[in-house]
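Trainee: I'd like to take a close look at just one part of this protein. Could you walk me through a helix and what surrounds it?

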Amino acid sequence: MDDKNLIARRIARELQDGDLVNLGIGMPTLVAGHLPAGVHVFFQAENGLIGLGPRPPEGMEDPDLTDAGGGFVTAMPGAASIDSAMSFGLIRGGHLDMTVLGGLEVDERGYLANWMVPGKMVPGMGGAMDLVTGSKRVIVAMIHTAKGEPKVVKECTLPLTSLRRIDLLVTELAVIQPTENGLLLKEVAPGVSVEQVIKATEAKLILPENIPEMQLH
């Protein structure tokens with residue numbers, strides 16, 4: 001299993017039956033393909049669709065059915081189409097059970113930076129600020145390092161997405177839970193040692209006595 005699908009599979013274990021869930025652009029969309037058996041959730045897109053299904057077969061794309069990133073999707077039975085104002089009303093009103101977002105940096109305070117790199121062309125923040133601030137749970141799916149440099153840092157150097165602490169960070173190396181006291185190392189990925197996680201992390205980690213291996217099934 002590649003790193004991105006490992007992350008997506010672990011995050012899928014956090015979903016509970018009946019959840020209303022927003023998946024961010026990129027890696028987070030993979031979570032939908034790893035839903036545990038018997039778990040039925042409602043995926044929401046900021047552009048106004050609740051009940052997203054998988055990507056349609058080639059040639060069966062409907063230009064009116066896309067996710068927030070413009071990718072083609074299908075609508076599951078019972079899906080609802082709403083306008084953007086209603087969609088963001090759900091997000092800002094605290095009605096989303098969970099959002100899964102990508103990340104550029106996460107720091108010791110549990111703050112996320114994920115929407116821009118200064119000096120580089122970006123399309124805009126999109127719904128990231130609203131999602132992090134308004135969702136009941138915020139889970140970040142992120143590769144642990146970039147070109148060998150840590151992305152789990154003491155303090156974000158990139159512009160913050162929100163001043164709300166995220167709830168969980170899942171990388172290809174570990175599951176980390178931000179707390180009031182710092183970043184708690186909850187799990188390590190299969191075949192990964194605690195020492196490897198520490199070496200790849202700039203931020204200080206809280207190490208409990210027993211750190212289990214990440215469960216993927």
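**A close look at helix H1**

Mentor: Let's start with Arg10, which counts as buried because its relative accessibility is 6%, and the cut-off for buried is under 20%. Keep in mind that this is a predicted model. Arg10 sits in helix H1, which spans residues 3-12. So what does the side chain of Arg10 pair up with in a polar contact? The partner is the side chain of Glu187, at 2.9 Å. Glu187 has company, too: setting aside neighbours within four places in sequence, Arg10 is also in contact with Val170, Val175, Met214, Gln215 and Leu216.

Now move along to Ile11. Leaving out residues up to four places away in sequence, Ile11 touches Val31, Val100, Ile139, Val140, Ala141 and Val170. You've met Val170 already, among the contacts of Arg10. Ile11 also belongs to the largest nonpolar core, a set of 55 residues. Which members touch the most others there? They are Ile11, Val31, Leu169 and Val197. Helix H1 gives the most to this core, with five residues.

For another helix, try H2, residues 84-92. Ser87, Phe88, Leu90 and Ile91 are its buried residues. They lie on the same side of H2, because they cover an arc of only 150° around the axis. On the other side, Ala85 and Arg92 are exposed. Strand S2 (42-45), strand S3 (49-53) and helix H3 (128-134) are among what covers the buried residues of H2.

Key: Residues numbered from 1 in each chain as written. Predicted model: local features only at pLDDT ≥ 70, side-chain atom pairs only at ≥ 80, totals over all residues. Heavy atoms only, no water. Buried < 20%, exposed > 50% of the residue type's maximum accessible area, 1.4 Å probe, protein only. Helix = DSSP H or I, 4+ residues; strand = E, 2+ residues; numbered from the N terminus. Arc of directions from axis to C-beta. Contact = heavy atoms within 4.5 Å. Core = buried A, V, L, I, M, F, W, Y, C linked by side-chain atoms within 4.5 Å. Polar contact = N/O pair within 3.5 Å; in protein donor to acceptor, adjacent residues only side chain to side chain.
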